[in-house]
Amino acid sequence: MAKYLVRVVLHNANWETYDKFHETMRLNGFERQVVGGDGKIFNLPDAEYIAIKNEYIDNVRDKVIKFAEMYVQKYDVLVSEVLGMSWYLN
């Protein structure tokens with residue numbers, strides 16, 4: 001299993017489109033929150049997701065691209081495999 005951090009920009013999308021996209025991502029195992037060592041929950045920055053998958057990084061990217069294509073014609077997708085995380089999120 002690998003942990004992936006995903007960043008998605010949907011060009012020319014409004015908040016309603018992003019809300020629908022967020023729900024599609026959530027239903028497919030991509031979360032918008034991380035949990036600290038103390039159990040406190042932190043929201044990731046807009047349009048960032050974390051997921052634990054038993055898939056190669058390119059497969060994860062391709063799935064996210066298909067989700068983005070459901071909502072817009074232009075998008076950017078960045079998928080990074082995460083070995084560790086440290087954050088400051090208000």
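The paragraphs below lead through a predicted model, from its sheet to its helices, its nonpolar cores and a few single residues.

Because the model is predicted, local features need pLDDT of at least 70 and side-chain atom pairs count only at pLDDT 80 or more, while totals for chains, interfaces and linings use all residues. Residues are numbered from 1 along each chain as its sequence is written, and side-chain values use heavy atoms, with hydrogens and water left out.

A convenient starting point is the sheet. Here 3 strands form an open sheet in the order β4-β1-β5, with antiparallel pairing; strands (E, at least two residues) and helices (H or I, at least four residues) are DSSP runs numbered from the N terminus, and two strands pair if DSSP finds at least two bridges between them. The edge strands are β4 and β5, each of which pairs on one side only, and the twist averages 25° from one strand to the next. Strands of a sheet pair through backbone hydrogen bonds, either parallel or antiparallel. In this model β1 and β4 pair in the antiparallel sense over 6 bridges, whereas β1 and β5 pair in the antiparallel sense over 8 bridges. L5 stands opposite I50 in β4, and L5 also stands opposite S80 in β5.

The side chains of β1 show how the two faces of this strand differ in burial. In a regular strand the side chains alternate between the two faces of the sheet. Along β1, A2, Y4, V6, V8 and L10 point to one face and are buried, while K3, L5, R7 and V9 point to the other and are not; buried means under 20% relative accessible area, exposed over 50%, and partly exposed in between (1.4 Å probe, protein chains only). R7, in strand β1, is partly exposed, with a relative accessible area of 32%. Not counting residues up to four places away in sequence, R7 touches D46, A47, E48, D76, V77 and L78, where contact means heavy atoms within 4.5 Å. By contrast, R7 and D38, which are 31 residues apart in sequence, are 25 Å apart in space, C-alpha to C-alpha.

Two helices lie across the strands. Helix α1 lies across β1 and β4, running at about 160° to β1, and helix α2 lies across β1, β4 and β5, running at about 150° to β5; the axes are lines fitted to C-alpha atoms, for helices over the stretch in contact, and the angles run from 0 to 180 degrees between N-to-C directions. Helix α2 (residues 57-69) has 13 residues and reaches 18 Å from its first C-alpha to its last, close to the 18 Å expected at 1.5 Å a residue, the expected span being 1.5 Å times one less than the number of residues. Its buried residues are V60, V64, F67 and A68. They cover an arc of only 100° around the axis, which puts them on the same side of α2; this arc is that of the directions from the helix axis to the C-beta atoms. What covers the buried residues of α2 includes β1 (2-10), α1 (15-27), β4 (48-53) and β5 (75-82). On helix α1, T24 counts as buried at 10% relative accessibility, and, leaving aside neighbours within four places in sequence, T24 is in contact with F67, M70 and Y71.

The nonpolar cores come next. A nonpolar core is a set of buried Ala, Val, Leu, Ile, Met, Phe, Trp, Tyr and Cys residues joined through side-chain atoms within 4.5 Å. Of the 18 residues in the largest nonpolar core, V6, V8, L10, F21, M25, F30 and Y49 touch the most other members. The elements that give two or more residues to this core are β1, α1, β4 and α2, and the largest share, 5 residues, comes from β1. Apart from this core lies another, of 5 residues, among them V34, F42, L44 and L89.

Two loop residues deserve a separate look for their backbone. Most residues other than glycine have a negative phi, and most peptide bonds are trans. N12, in the loop between β1 and α1, has a positive phi of about 60° although it is not a glycine, and A47, in the loop between β3 (41-43) and β4, has a positive phi of about 65° although it too is not a glycine. Their surroundings differ: N12 counts as exposed at 81% relative accessibility, whereas A47 counts as buried at 5% relative accessibility.
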